Amino acid sequence: MKKPELLAPAGNMEKLRIAVHYGADAVYLGGKSFGLRNLADNFSTAELAEAVVYAHERGVKVYLTVNAYPDNDDIGELLHYLEEVRPIPFDAYIAADPGVIETIREISPERDIHLSTQANTTNWKSALFWQKQGIRRINLAREMSLEGMRQVRERTNIELEAFVHGAMCISYSGRCLLSSVMSGRNANKGECTQPCRWNYAIVEETRPGEYFPVMEDNNGTFIFNSKDLCLLPYLPELVGAGVDSLKIEGRMKGIYYVASVVRIYRQALDRYFAEPETYRCDPDWLEELCKISHRGYTTGFFLGPPKDIDHQYHSSYIRNHEFVGIVEEPLPDGAIILEVRNRIKTGDTLEFIGPAMSSSFHKIKEIITDRGERVEAANPNQRIIVRTAFAAEKYDLVRREKSL
């Protein structure tokens, strides 16, 4: 069996470092243009170069997203952008538009190209076509089933990538027009305002101002929402189908999400390849995935067309834990400098989570700032010194169970 790559999102440099720390084999990121996530922090050209050096020094690959669909007026900027990033030794570009692919080959002919999910590859004929065009890898559409993946693998030699975790777009392979129509911001150029998450009601033409809900909870009606994708229980099936890369969605999500999801899938993959005969999906992993902000989980199209239970008809994310800090530096005397990201007060019980599913608890009896001051509570952006009975590493995250 070939062990698939674990591919993680990196919306900025901090998220990239977290993804690497928690075990990603590769990361995907975007520059300031053409990357389909314009609302993420993204990377300047100098930061892209720094990111590649950082990742490569740690044996992690870096893929640059260039998967927007440009208009005629965008071509000049595209040429300039690709020339600007050309010296940076990315392991591949991720693209969807044939014109962008052709332009990449003109400017960086040595660069591998991965086909984005935006290209809507849902059958083996399309995959074979792209293989003949010299594409190195295809990110299969999220509308493809496990059996569909198997059929593509049987008929092609191209690398296959599949999303295994994260938010689901309600439009076909992410090719959505709602944002453009309703807010003037083009989702296919990276400016999606996520109108599928908005609150909707029906208005009958002759009764203006009278709103009739389709289905609602206390917060309103959310008829376009989808649950989040989670294929963790099906890793053996994905490996058996010949998927080369398992992709996690989430360049716009926080570091707690990135750390939590990467470390769980890393642990599961490693255990499966160490003990394939006795492997089972650990319930603790699924419980961990429920400790991050999510909309409930679904297998999407993986096992066949989704049922009505795969749609999420309420507004709220499920959040039972909150991220409160990050280990900035372990000190020689065993203490830890903790950068506070959410208010911490004396009496709180904090959980330190690290790679390989490590987890340790510490109750805060006193709070000492990095200036030596004793305080009752620490606020975001403060640094505090914590003395624990266990060791922690730089970039380990700290969370707290939310009180009911």
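Hi everyone. Let's start inside the protein: the largest cavity is lined by 14 residues, and R142, M144, M149, F163 and L231 are the ones nearest its centre. Please keep in mind throughout that this is a predicted model.

How do the residues of that lining divide into nonpolar, polar and charged? There are 11 nonpolar residues, 2 polar and 1 charged. As for volume, the largest cavity comes to about 90 Å³. With the threshold set at 30 Å³ or more, the count is 1 cavity. For anyone wondering about the approach, rolling a probe the size of a water molecule over the atoms shows where empty space is left.

Now on to two helices, beginning with α4, which covers residues 98-107. Which of its residues are buried? They are V100, I101, T103, I104 and I107. Looking down the axis of α4, you find these buried residues within an arc of 165 degrees, so they line one face of the helix. Turn to the face pointing away from that buried side, and you meet the exposed residues P98 and E106.

What do the buried residues of α4 pack against? Their partners are α3 (75-85), β4 (92-95), β5 (113-115) and α5 (124-132). At the N-terminal end, α4 is capped by D97, with a side-chain oxygen 2.9 Å from the backbone nitrogen of G99.

That brings us to α5, where A127, L128 and W130 are buried. Down the axis of α5, the buried residues fall within an arc of 165 degrees, so here too they line one face of the helix. K125 and K132 are exposed on the other side of α5. The buried residues of α5 pack against α4 and β5, along with β6 (137-139) and α6 (146-155).

Both ends of α5 deserve a quick look. At its start, N123 has a side-chain oxygen that reaches to within 3.0 Å of the backbone nitrogen of K125. After α5 comes G134, and its phi is positive, near 85 degrees.

One last stop, for those of you who like lysines: K291 sits in the loop between α10 (283-289) and β12 (297-298). Is K291 buried or exposed? Its relative accessibility is 14%, and buried means under 20%, so K291 counts as buried. Leaving aside residues up to four places away in sequence, K291 touches Y256, N320, H321 and R399.

That's my tour. Thanks for listening, and I'm happy to chat afterwards!

Notes:
Residues numbered from 1 in each chain as written. Predicted model: local features only at pLDDT ≥ 70, side-chain atom pairs only at ≥ 80, totals over all residues. Heavy atoms only, no water. 1 Å grid on protein atoms, 1.4 Å probe; cavity = no way out; pocket = protein on both sides within 12 Å on 5 of 7 lines; lining within 4 Å. Points joined across faces, edges and corners; volume = space filled by probe spheres on them. Nonpolar A, V, L, I, M, F, W, Y, C, P; charged D, E, K, R; others polar. Buried < 20%, exposed > 50% of the residue type's maximum accessible area, 1.4 Å probe, protein only. Helix = DSSP H or I, 4+ residues; strand = E, 2+ residues; numbered from the N terminus. Arc of directions from axis to C-beta. Contact = heavy atoms within 4.5 Å. Polar contact = N/O pair within 3.5 Å; in protein donor to acceptor, adjacent residues only side chain to side chain.
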